[in-house]
Amino acid sequence: MKIGAHYLGDGVCEFTVWGPHLESVALEIVSPYQHLLPMCKKGGYWQVTARDIEPGTCYFYQLNGNESRPDPASNFQPLDVHSPSQVINHSFVWSDSNWSGIPWETMIMYELHVGTFTPEGTFAAIIPRLSDLRDLGINAIEIMPVAQFPGDRNWGYDGVYPFAVQNSYGGPNQLKQLVDACHQEEIAVILDVVYNHFGPEGNYTSCFAPYFTETYHTPWGSAINFDDAYSYDVRQFFIQNALYWLGEFHIDALRLDAIHAIYDFGAKHFLAELAENVAVLSQQQGRKLYLIAESDLNDPRIIRPTELGGYGIDAQWSDDFHHSLYSLLTGDRTGYYEDFGKCEHLAKAYKDSFVYDWKYSHHRQRYHGNHAGDRSPSQFIVASQNHDQIGNRVLGERLSQLVDFEALKLAAGVVLLSPYIPLLFMGEEYGEESPFLYFVSHSDPDLIKAVREGRKKEFFAFHSQGEPPDPESPDTFNNCKLNWDKRQSGKHQVLLSFYKKLIQIRSQNPALLKRERENLQIGCDEDKKLITWFKHSEENQIFCAMNFNTYDITFSQEFTGNNWVKILDSAETKWLGSGSQLPETAKSHQELTLPKQSFAIYEKYLDNEPQRHREHRERKN
């Protein structure tokens with residue numbers, strides 16, 4: 001059954017809703033006129049095809065002759081989560097017929113929150129900024145959830161209508177305009193979707209059908225019913241939702257939020273069934289569509305192909321990489337960071353993706369994870385900061401507020417030179433200093449109180465002192481908006497240029513373009529807090545040294561032959577560093593001195609042509 005309201009043209013609209021235990025369901029037209037139409041039951045679904053229904057018509061479903069509720073598969077909630085749903089005409093004149101997508105291995109992702117990315121906080125306001133992102137080297141934006149949530153301020157994870165585009169962001173047509181504009185700029189669009197819970201306010205799904213099960217419980221309450229009685233139709237609800245975004249809105253990939261809270265012990269996991277359906281749509285459209293998992297499991301089964309017993313998801317986030325880098329730079333050992341903090345952790349994350357691959361975790365007090373060595377590095381997405389890791393701090397400080405400028409450059413190098421797919425969080429590229437705090441705009445006073453108390457409890461695990469900013473306050477939201485003018489001058493402009501240079505190197509260097517694990521040889525000196533690594537291709541070799549210490553270090557390095565040319569040095573004064581102490585060229589045995597929290601890259605072309613080296617020096621300058 002194709003659920004929701006589907007406008008067929010000429011004033012005809014088909015309405016379908018799942019309600020296997022309901023005695024009766026009627027379509028209640030609210031505007032532009034009031035009318036009640038009984039619906040017929042087909043299996044567990046209720047249907048009616050209505051005439052004289054034009055786009056813009058608002059409606060409820062009347063259940064058992066009394067309570068009226070919005071459509072669980074509403075395409076648009078023009079007022080709020082409690083008010084009537086609206087019929088939408090999805091016809092749109094697309095300009096992306098030649099769009100074939102971005103090759104996955106080349107992706108440079110950029111996570112953004114629609115409400116705080118621009119002063120206007122809309123889809124339309126993002127479009128003029130796309131050229132800036134493209135100039136930086138970004139070729140994929142990841143949009144935090146846009147499914148309708150209560151009020152007009154929210155991270156998006158409190159959505160209660162998975163098919164409805166948030167009204168305060170501009171609604172479905174503006175989202176299509178944004179996607180179309182992105183494709184014109186050669187930028188892919190990744191949408192964050194939430195299939196592990198519904199938000200608390202406006203959540204009327206249980207009035208219709210058994211969407212939840214008491215068999216499992218999540219941090220948000222009862223689990224969504226993916227494997228209990230009537231679960232087939234629940235699974236279809238979310239599979240249809242994924243295909244809706246990918247098909248109707250031309251989205252290129254979906255990021256699946258917290259899949260460790262999707263409980264399914266059936267023989268075929270929901271994620272595997274979802275991946276199968278997306279693969280069929282990919283084949284129909286003639287371009288690859290992707291699924292990305294956020295997971296706390298460190299389980300490579302999620303991204304293994306089905307023929308190897310996996311779920312067939314294309315990629316997943318690696319929290320271990322972030323935790324290793326963040327704790328090394330900041331010295332933070334609170335909460336889950338107690339399991340990290342050594343150079344060896346970051347070196348292992350670089351080499352093996354997961355630090356905890358069935359190793360004992362002191363924070364969890366158990367063994368955790370599994371080895372992912374059989375998976376390509378390009379199946380992992382890494383970051384130095386993201387919405388969760390910033391928002392998990394009481395004051396929502398970004399890395400720019402926690403470490404100095406040298407460490408910001410070092411963090412950029414670690415992420416963008418890694419063998420994984422890099423993800424930047426909006427504003428990171430120029431050292432944005434506004435916080436990214438948790439914010440909501442609920443209407444229920446009891447719920448507002450519960451959210452405030454819940455945030456305090458969350459921060460207790462991190463031994464945080466003081467009161468977190470009020471999530472309900474408009475000031476909390478407004479303080480999170482980006483200050484785009486900062487990127488034009490001073491250290492912010494320098495950092496922006498540094499990111500651009502790193503992305504250029506990542507995108508053009510043959511050795512960095514080879515992502516195989518066998519292509520990386522990494523070393524670690526814990527005493528010096530030094531990480532060194534080599535990568536090679538048929539054309540060239542590349543060497544990188546990273547100093548995580550708060551003072552200069554000197555070390556001996558063996559190179560294969562001579563003619564190694566320095567192509568980037570974060571300590572150079574052009575990058576506002578203290579000044580480089582490294583030679584422009586390195587020979588087979590070299591003493592190298594790295595200033596504190598700096599890194600440098602050397603390169604050698606295997607044909608040893610001096611002309612190639614001159615060209616690289618020119619490109620470097």
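## Contacts of Phe 548

In this predicted model, Phe 548 touches a set of residues that lie more than four places away in sequence. Among them are Leu 325, Leu 328 and Leu 329, together with Cys 343 and Leu 346. Contacts also reach Leu 410 and Val 414, and the list is completed by Lys 529, Ile 531 and Gln 597.

## The nonpolar cores

Phe 548 belongs to the largest nonpolar core, which comprises 158 residues. Within this core, the residues that touch the most other members are Phe 15, Tyr 195, Trp 245, Leu 254, Leu 417 and Phe 548. Helix α10, spanning residues 405–416, supplies the largest share of the core, with 9 residues.

Another core, of 17 residues, lies apart from the largest one. Its members include Met 109, Ala 253, Ala 315 and Leu 423.

## A salt bridge between distant parts of the chain

Side chains of opposite charge can pair when their charged atoms come close. The structure holds 31 salt bridges. One of these joins Arg 235 to Asp 264, with the closest N and O atoms 2.8 Å apart. The two partners are 29 residues apart and link distant parts of the chain. Arg 235 is located in helix α5 (residues 231–248), whereas Asp 264 sits in the loop between β17 (253–256) and α6 (270–285).

Are these two partners buried or exposed? Residues under 20% relative accessible area count as buried. Arg 235 has a relative accessibility of 8% and is therefore buried. Asp 264 has a relative accessible area of 7%, so Asp 264 is buried as well.

## Pairs with one partly exposed partner

Asp 299 and Arg 301 also form a salt bridge through their side chains, at 3.0 Å from N to O. Asp 299 counts as buried because its relative accessibility is 13%. Arg 301, by contrast, has a relative accessible area of 40% and is partly exposed.

A further salt bridge brings together the side chains of Arg 375 and Asp 374, with an N to O distance of 3.5 Å. Here Arg 375 is the buried partner, at 13% relative accessibility. Asp 374 counts as partly exposed, its relative accessibility being 39%.

## A network of salt bridges

Salt bridges also occur as a network in this structure. Which residues does the network link? The acidic residues Glu 142, Asp 192, Asp 257 and Glu 294 are linked in it together with Arg 255.

Terms used: Residues numbered from 1 in each chain as written. Predicted model: local features only at pLDDT ≥ 70, side-chain atom pairs only at ≥ 80, totals over all residues. Heavy atoms only, no water. Salt bridge = Lys/Arg side-chain N within 4 Å of Asp/Glu carboxyl O. Helix = DSSP H or I, 4+ residues; strand = E, 2+ residues; numbered from the N terminus. Buried < 20%, exposed > 50% of the residue type's maximum accessible area, 1.4 Å probe, protein only. Core = buried A, V, L, I, M, F, W, Y, C linked by side-chain atoms within 4.5 Å. Contact = heavy atoms within 4.5 Å.
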